[in-house]
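Hello,

Here is the structure I promised to pass on to you. Have a look at it first, and then read on for what turned up in it.

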Amino acid sequence: MNYMPGTSSLIEDMDKKHLVLLRDGRTLVGYLRSVDQFGNLVLDQTLERIHVGQKYSNITRGIFVVRGENVALLGEIDLDKESSSILRQVRIEEILEAQRVEQEARSRLDKLKIQFFRDHGLPLPHPDTLEEY
């Protein structure tokens, strides 16, 4: 097998099922149909997978075009091991409610951290680094 640098190495991965983690935290699962020199991807039969704890659910998205700069991680899914996941699939309504509760808890915690910094006269950290504190 010849190794090709950059996105041209993805040519061998065409028509295989992939998981794509986007910079905004969303997870997509679909079949890679096209890729270009900028890392832009076309996924077919795409599902947006929402994880909360050990539960997940999928939202059907169909054909999905992903701009290369938004891809944080791309990996082929091993179809033999996919069904042996420790995650449990639930109804979409259940996962959306769990996601809402998780986001509210994270928001409350971030507000407490900011209040702590203010109360102690410390400079406020950048919002992206709040989880470190």
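The second largest pocket holds about 160 Å³ of space. Keep in mind as you read that this is a predicted model. Around the second largest pocket you will find Arg49, Tyr56, Asn58, Glu82, Ser83, Ser85, Leu87 and Gln89. By type, that lining splits into four polar, two nonpolar and two charged residues.

Now for the largest pocket, which has a volume of about 260 Å³. Its lining is made up of 13 residues, and those closest to the centre are Gly25, Arg26, Ile50, His51 and Gln99. Six residues of this lining are charged, five are polar and two are nonpolar. If you like to navigate by secondary structure, start from strand S3 (41-52) and helix H2 (92-119), since each of them supplies at least two residues of the lining. S3 gives the most, with five residues.

Where does the largest pocket lie with respect to domain 1 and domain 2? Residues from both domain 1 (1-90) and domain 2 (91-132) take part in the lining, so the largest pocket lies between them.

That brings me to the domains themselves. The protein chain is divided into domain 1, covering residues 1-90, and domain 2, covering residues 91-132. Nine residues of domain 1 and eight residues of domain 2 take part in the contact. Taken over C-alpha atoms, the centres of the two domains are 28 Å apart.

How much area is buried between domain 1 and domain 2? The figure is about 710 Å², and carbon and sulfur atoms give 71% of it. On the domain 1 side, the residues that lose the most area to domain 2 are Ile50, Val52 and Val90, which together account for 67% of what that side buries. You have met Ile50 already, as one of the residues closest to the centre of the largest pocket.

Next, the charged pairs. As a general point, side chains of opposite charge can pair when their charged atoms come close. The structure holds ten salt bridges, and the count between domain 1 and domain 2 is one. Two pairs may be handy to look up in the viewer:

- Glu94 and Lys55 meet through their side chains in a salt bridge, at 3.2 Å from N to O.
- Asp15 pairs with Arg33 in a salt bridge, and their closest N and O atoms are 2.7 Å apart. This pair links distant parts of the chain, with Asp15 in the segment before strand S1 (17-22) and Arg33 in strand S2 (residues 27-35), 18 residues apart.

Finally, a note on the backbone. Asp15 also has a positive phi, of about 65 degrees, although it is not a glycine. Gln45 has a positive phi too, of about 55 degrees, and is likewise not a glycine. Gln45 lies in strand S3, the strand that gives the most residues to the lining of the largest pocket.

Happy exploring, and do write back with any questions.

Best wishes

How values were computed. Residues are numbered from 1 along each chain as its sequence is written. This is a predicted model: local features need pLDDT of at least 70, side-chain atom pairs count only at pLDDT 80 or more; totals for chains, interfaces and linings use all residues. Side-chain values use heavy atoms; hydrogens and water are left out. On a 1 Å grid over the protein atoms alone, a cavity is a set of points where a 1.4 Å probe fits but cannot get out, and a pocket is an open set with protein on both sides within 12 Å along at least five of seven lines; lining residues have an atom within 4 Å of a point. Grid points are joined across faces, edges and corners, and a volume is the space filled by probe spheres set on the points. Helices (H or I, at least four residues) and strands (E, at least two) are DSSP runs, numbered from the N terminus. Ala, Val, Leu, Ile, Met, Phe, Trp, Tyr, Cys and Pro count as nonpolar, Asp, Glu, Lys and Arg as charged, and the others, Gly among them, as polar. Domain bounds come from an automatic or database domain assignment. Contact means heavy atoms within 4.5 Å. Buried area is the accessible area (1.4 Å probe) that two parts lose on being put together, summed over both. A salt bridge is a side-chain nitrogen of Lys or Arg within 4 Å of a carboxyl oxygen of Asp or Glu.
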